[in-house]
Amino acid sequence: MNRKILIVTGDGGESYETLYAVHRFQEEGDIAVIAAPSKRRLNLVMHDFEPGWDTYIERPGYCLVSDLTIDEVVVDDYDAILLLGGRAPEYLRNHAGLLEVVRAFDRQGKWVFAICHGIQILVTAGLANNRKLTAYEHVRTEIEMGGGTYSTQQAVRDGNMVTAQTWQSHPEFYREVFACLKKEELVEE
């Protein structure tokens with residue numbers, strides 16, 4: 001308990017994924033820290049599926065204040081990183097500092113969690129190569145172009161990385177996330 005989890009999102013981040021993550025980690029007694037490009041109130045969104053649409057739709061979601069900027073992140077202070085989905089990864093994957101933070105988590109063997117479009121950040125950081133990953137189905141091509149293998153499972157663990165398709169995958173994803181974190185606790189005891 002009292003693990004410190006870095007949660008990365010920004011404007012256009014998926015509201016439900018963000019709030020669910022923060023609350024779920026807090027329920028476990030962990031410290032959830034939100035990092036974004038700037039420290040301020042973030043405008044999150046809700047993505048959903050509507051009959052007659054070829055893709056998801058977007059509506060305004062809840063807002064949440066970030067705790068620190070991505071540039072302020074000190075990797076050694078955290079036990080794991082979680083990259084959330086929504087539209088935010090479209091621009092976050094171009095943040096050089098974030099890419100280095102994600103690579104540092106991976107190099108140190110720390111847990112790297114990603115859901116939905118958050119996997120776009122992993123791919124851009126060069127971490128998809130030779131990995132089995134899952135994501136929102138329209139991110140499949142990016143995974144494969146990044147050298148990874150796309151899985152249709154709701155949640156997938158490959159080494160120190162756990163990925164999930166969408167917020168609809170929360171049950172499978174968080175079961176795996178907490179199994180990994182619990183395993184780490186047992187190793188440290």
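**Exercise 1. Overall form of the chain**

Task: State how many helices and strands the chain has, and determine how its radius of gyration stands against the globule rule.

Solution. The chain of this predicted model contains 6 helices and 11 strands. Its radius of gyration is 15 Å, close to the 16 Å that the globule rule gives for 189 residues, so the chain is as compact as a globular protein of that length. Next, the extent: the C-alpha trace spans about 55 × 35 × 30 Å along its principal axes. As for burial, 53% of the 189 residues count as buried. The chain exposes about 8800 Å², of which carbon and sulfur atoms supply 48%. Finally, among contacts with a separation of 6 or more, 68% come from residues 24 or more positions apart.

**Exercise 2. The annotated span**

Task: Identify the feature that UniProt places at residues 3–178, and describe the helix and strand content of this span.

Solution. The UniProt record, an unreviewed entry, gives the feature "domain: DJ-1/PfpI" for residues 3–178. In the model, this span is 29% helix and 29% strand. Its end C-alpha atoms lie 11 Å apart.

**Exercise 3. An aromatic pair and its setting**

Task: Classify the ring pair formed by tyrosine 20 and tyrosine 174, and explain which parts of the chain the pair ties together.

Solution. The count of aromatic pairs comes to 11. In the pair of tyrosine 20 and tyrosine 174, the centres are 5.3 Å apart and the planes meet at 50°. Stacked pairs have planes under 30 degrees apart and edge-to-face pairs over 60, so an angle of 50° makes this pair tilted. Tyrosine 20 belongs to helix α1 (residues 15–27) and tyrosine 174 to helix α6 (residues 170–188); the pair therefore ties together parts that are 154 residues apart in sequence. With a relative accessible area of 27%, tyrosine 20 is partly exposed, whereas tyrosine 174 is buried at 4%. Both tyrosines belong to a cluster linked by ring pairs, whose members are Tyr16, Tyr20, Phe25, Trp111, Phe113, Trp167, Phe173, Tyr174 and Phe178.

**Exercise 4. Charges over rings**

Task: Name the rings over which the charged ends of lysine 4 and lysine 110 sit.

Solution. The charged end of lysine 4 sits over the ring of tyrosine 78, 5.1 Å from its centre. For lysine 110, the ring is that of phenylalanine 105, and the distance from its centre is 5.7 Å.

**Exercise 5. Three residues and their surroundings**

Task: For alanine 80, leucine 133 and histidine 117, decide whether each is buried or exposed, and list contacts beyond four places in sequence.

Solution. Alanine 80 is found in strand β6 (residues 80–83). Its relative accessible area is 0%, so alanine 80 is buried. Beyond four places in sequence, alanine 80 touches Lys4, Ile5, Leu6, Phe105, Trp111, Phe113 and Leu181. Trp111 and Phe113 are also among the members of the ring cluster.

Leucine 133 lies in strand β8 (residues 132–133) and counts as buried at 0% relative accessibility. Its contacts beyond four places are Ile119, Ala128, Ile143, Thr149, Tyr150, Ser151, Met161 and Thr163.

Histidine 117 is placed in the loop between β7 (111–115) and α4 (119–124). A relative accessible area of 8% is under 20%, and histidine 117 is therefore buried. Leaving aside neighbours within four places in sequence, histidine 117 is in contact with Tyr56, Gly85, Gly86, Pro89, Tyr136 and Val139.

Notes
Residues are numbered from 1 along each chain as its sequence is written. This is a predicted model: local features need pLDDT of at least 70, side-chain atom pairs count only at pLDDT 80 or more; totals for chains, interfaces and linings use all residues. Side-chain values use heavy atoms; hydrogens and water are left out. Rings of Phe, Tyr and Trp (its six-membered ring) pair if their centres lie within 6.5 Å; planes under 30 degrees apart count as stacked, over 60 as edge-to-face and the rest as tilted. Helices (H or I, at least four residues) and strands (E, at least two) are DSSP runs, numbered from the N terminus. Buried means under 20% relative accessible area, exposed over 50%, partly exposed in between (1.4 Å probe, protein chains only). A charge sits over a ring if NZ of Lys or CZ of Arg is within 6 Å of the ring centre and within 35 degrees of the ring normal. Contact means heavy atoms within 4.5 Å. The radius of gyration is taken over C-alpha atoms; the globule rule is 2.2 Å times the number of residues to the power 0.38. Accessible areas come from the Shrake-Rupley method with a 1.4 Å probe; for residues, only the protein chains shown count as cover. UniProt positions are given in the numbering used here, feature names are shortened, and annotations may be inferred rather than shown by experiment.
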